[in-house]
Protein chains: 2
Amino acid sequence: MPSASSNPSETRPSGSRADDPDTHRTGGLDGGSVPDGAHFSFVGSGIGGVGIDDVARLAGVSTATVSRALRGLPEVREATRARVRRAAAELNYVPSPSAASLASGRTRTIGLLTASFSRWFNRNVVEGAEERLRAAGYDVLLHAFDFSLDGSRAPIDMSAMRQRVDGVIVLGIPLSPDERRTLDELSVPMVFVGTGPPDHVRVSMNDHEGSRIAIEHLAALGHRRIGQIGAKVPYDSRWSSAAERHEGTIAALAELGLEYDESLETFGDYTQAGGRAAAAALLDAHPDMTAIFAYSDEMAFGALEELRARGIRVPEEMSVIGVDGHELSSLIRLTTVAQDARAQGDAGATLLLEMIAGAHVGRDVRFPVALVDNGSTAAVSMSSRA
Amino acid sequence: MPSASSNPSETRPSGSRADDPDTHRTGGLDGGSVPDGAHFSFVGSGIGGVGIDDVARLAGVSTATVSRALRGLPEVREATRARVRRAAAELNYVPSPSAASLASGRTRTIGLLTASFSRWFNRNVVEGAEERLRAAGYDVLLHAFDFSLDGSRAPIDMSAMRQRVDGVIVLGIPLSPDERRTLDELSVPMVFVGTGPPDHVRVSMNDHEGSRIAIEHLAALGHRRIGQIGAKVPYDSRWSSAAERHEGTIAALAELGLEYDESLETFGDYTQAGGRAAAAALLDAHPDMTAIFAYSDEMAFGALEELRARGIRVPEEMSVIGVDGHELSSLIRLTTVAQDARAQGDAGATLLLEMIAGAHVGRDVRFPVALVDNGSTAAVSMSSRA
DNA sequence: TTGTACGCGTTATCAG
DNA sequence: CTGATAACGCGTACAA
């Protein structure tokens, strides 16, 4: 018997536990005229319908004391608190979050807006943030958006979060100006992870440094014609990790005295398929290219696919480097600039909780990166493809 | 991986935010003695204070009519509905979910209990389910549990879901009897995806068929000594996909007249590292083994790592086959029994919504599987490792 | 330290 | 088709 009915008053799993005093009506103040057990209302009742006043009655205190005791407020005598706890446990009482939210204005829920889990970074950040938030007693409302980054996506209705969350984490989504505005109007603390506008708290890896490491590594191997697989930046080019990795690349090339060729830049939009297509375009247009720098491991994987399809050997004929430190980069043999995405999720959540608690936090947190050489890069060979 | 202690850097102190002096909820209705110079535009910025009675007043109707009109109930004249809609839009009104839940008993929220996203299957199911649920107007409460399947994990407190959700999806978690009981006591509709007990609605791939396909494929290539990398089943061995894949394997071997050797079975617990360790154990104990069947692609990836480390060539010296159809199985060259995890998430969510609507749904939904040959299997060679 | 009583913002009932 | 109003279950000033 699957409990398929949404009406709890008819199909209840009966006779399981004898100590469950259900059919308790909670409205003890008014109608004594209603026969016990009469279902004149099917709202709000889960299985037990055990309310705070049931606990109060059993513990011999007022509902206010129950509320204070169970929430750990300091002004309750320990003996009283223990008695209340015992009563609550005996009745299997769980406070109604809806009622608590309505009365207090707090929801103990965090909105987690994220781009698709197909991105390694996103899913790892979500895991790190979720664990931290739940450990702190917060629920996580997940909104995952699967869209192409190249502009054309349905606008996100931020007002759906109204009154639902105490804070918001935005993960890997370049918001439109309009979305940013409506999000600001929620007037709850907000943290951006991976990519985010200035004048907002943001957690991400050190994007400039990551690009510098990649470019310097390739340059040290003698590469001069380096193709880039990046991502289009839809609204505001200043912020977003893609923009910063691009800036970092240009800066690194300049530092090394290498020429920057805009035509060596393509866009894979952080997907494997996009990375492959971008690699194909680069290979077609630049026979003299000897190395590819992809802004994510997944795009680099796509590039490796295309190279294999064309019979171009890695690293002998083409060096490839990615960003992330994907757990399969070793098996696939992709050299990469690794970051700790899970720790960034944890940090973002921690910052958000501090902001909710009223603390002032720094505007920006950048995480370190490190090169992991898995053998997809090598010195420029004499046997050019050209 | 970067350093284990990935320390973030440079937390700049926040500059002064001139525009945000602790925006608190304004009473709105009673503020008669507001000093001059106060911004009267707090209504326009739409923060918090707009309630259903504000809309009712502007539209010239009662709050009850506003509620009915905005929820699309049929008993409202279209002209009235339009007027209400206009008023609501003008005031930027968003109903309070807490108040609605308290009054109606419904939360329009689904609890999504899932094992770690490190599993390909889980993250894809979550994506499919989340998209479907949000399209139906439901919010998704995410609870991700990162635990080892081999028994020792902290018990999940299901009562935290009480009064918070209208339904629950359990994904890839073998629940303890105690957890099952407390979950049942929520008395909300419930769907299991990937693995789940009998007498509950369940969506998963056809596990028996998957094993049969894998074993028949290997047997047709002449393999007789086939190692298995499965997963431990903690509580109840009858349900869970791991148990069914195991059953299917034994059945397939029997059909083919092949011997079943229990010592050829190991446990990788659905992780890459676990798969690698399991493969190592198999290789040590069975020099005559010529093929490995892993119950997931990620475990198979781990096996491939171990084989590479030992210099054993795939598929010349060892055939390997996995289950899932991971997006990197092609690049990695892993032959696999593919399933559509996203569709299963979608189906699970759809079933749950139907159950919430009061429909009776079938007990079991099984998704088809298909062999994808990516070249990690071959006929048994004469040049044995032994 | 504890109790009283009101209000949070909707929905559902019942009467028009 | 619409209006008035009583719950919904808890948090929290204020009082004791």
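Trainee: In what order do the six strands of the open sheet in chain A run?

Mentor: Start with the general idea: strands of a sheet pair through backbone hydrogen bonds, either parallel or antiparallel. Now the case here, bearing in mind that this is a predicted model. In chain A the order across the open sheet is E7-E6-E8-E9-E10-E12, with mixed pairing. Strands E7 (265-267) and E12 (370-372) of chain A stand at the edges with a single partner strand each, so one side of each has no neighbour in the sheet. From one strand to the next, the twist averages 20°.

Trainee: How many bridges join E8 to E9 in chain A, and do those strands run parallel or antiparallel?

Mentor: Three bridges join E8 (residues 291-294) to E9 (residues 319-324) in chain A, and the two run parallel. For a specific pair to click on, take A:Phe293, whose bridge partner in E9(A) is A:Ile321.

Trainee: Which strands of the sheet does helix H7 of chain A touch?

Mentor: Helix H7 (residues 207-220) of chain A packs on the sheet, touching E6, E8, E9, E10 and E12 of chain A. The direction of H7 makes about 170° with that of E8(A). Helix H10 (residues 297-310) of chain A packs on the sheet as well, touching E6, E8, E9 and E10 of chain A. For H10, the angle is about 155° with the direction of E9(A).

Trainee: Backbone geometry next. Is the peptide bond between A:Val314 and A:Pro315 cis or trans?

Mentor: As a rule, most residues other than glycine have a negative phi, and most peptide bonds are trans. The bond joining A:Val314 and A:Pro315 is cis, with omega about 5°. Look for A:Pro315 in the loop between H10 and E9 of chain A. In chain B, the bond from B:Val314 to B:Pro315 is cis too, omega being near 10°. B:Pro315 sits in the loop between H10 (297-309) and E9 (319-324) of chain B.

Trainee: And what is phi of B:Gln163?

Mentor: Phi of B:Gln163 is near 65°, a positive value in a residue other than glycine. B:Gln163 is in the loop between E2 (139-145) and E3 (167-171) of chain B.

Trainee: On to the DNA. Which helices supply at least two residues each of the surface near strand C?

Mentor: H2 (63-70) and H4 (97-104) of chain A do, together with H2 (63-70) and H4 (97-104) of chain B. H4(B) gives the largest share, four residues. For context, the UniProt annotation "domain: HTH lacI-type", from an unreviewed entry, covers residues 50-104 of chain A. Over that stretch the chain is 69% helix and 0% strand.

Trainee: Which polar contacts to DNA strand C should I check, to bases or to phosphate?

Mentor: Look at both. A polar side-chain atom of A:Arg68 lies 2.7 Å from a base nitrogen of DNA strand C. A polar backbone atom of B:Ile52 is 2.7 Å from a phosphate oxygen of that strand, and a side-chain N or O atom of B:Tyr93 is 3.0 Å from a phosphate oxygen there. Of the strand C atoms within 4 Å of the protein, 71% belong to sugar or phosphate.

Trainee: Which residues come nearest to DNA strand D?

Mentor: Of the 31 residues around DNA strand D, A:Ile52, A:Ser67, A:Tyr93, B:Thr65 and B:Thr80 come nearest. Sugar and phosphate make up 74% of the strand D atoms that come within 4 Å of the protein. A polar backbone atom of A:Ile52 is 2.5 Å from a phosphate oxygen of DNA strand D. On the base side, a polar backbone atom of A:Ala99 is 3.4 Å from a base nitrogen of DNA strand D.

Key
Residues numbered from 1 in each chain as written. Chains lettered and ligands numbered in written order. Predicted model: local features only at pLDDT ≥ 70, side-chain atom pairs only at ≥ 80, totals over all residues. Heavy atoms only, no water. UniProt positions renumbered as here; feature names shortened; annotations may be inferred. Near = heavy atom within 4 Å. Polar contact = N/O pair within 3.5 Å; in protein donor to acceptor, adjacent residues only side chain to side chain. Pairing = 2+ DSSP bridges. Axes fitted to C-alpha atoms, helices over the stretch in contact; angles between N-to-C directions. Contact = heavy atoms within 4.5 Å.
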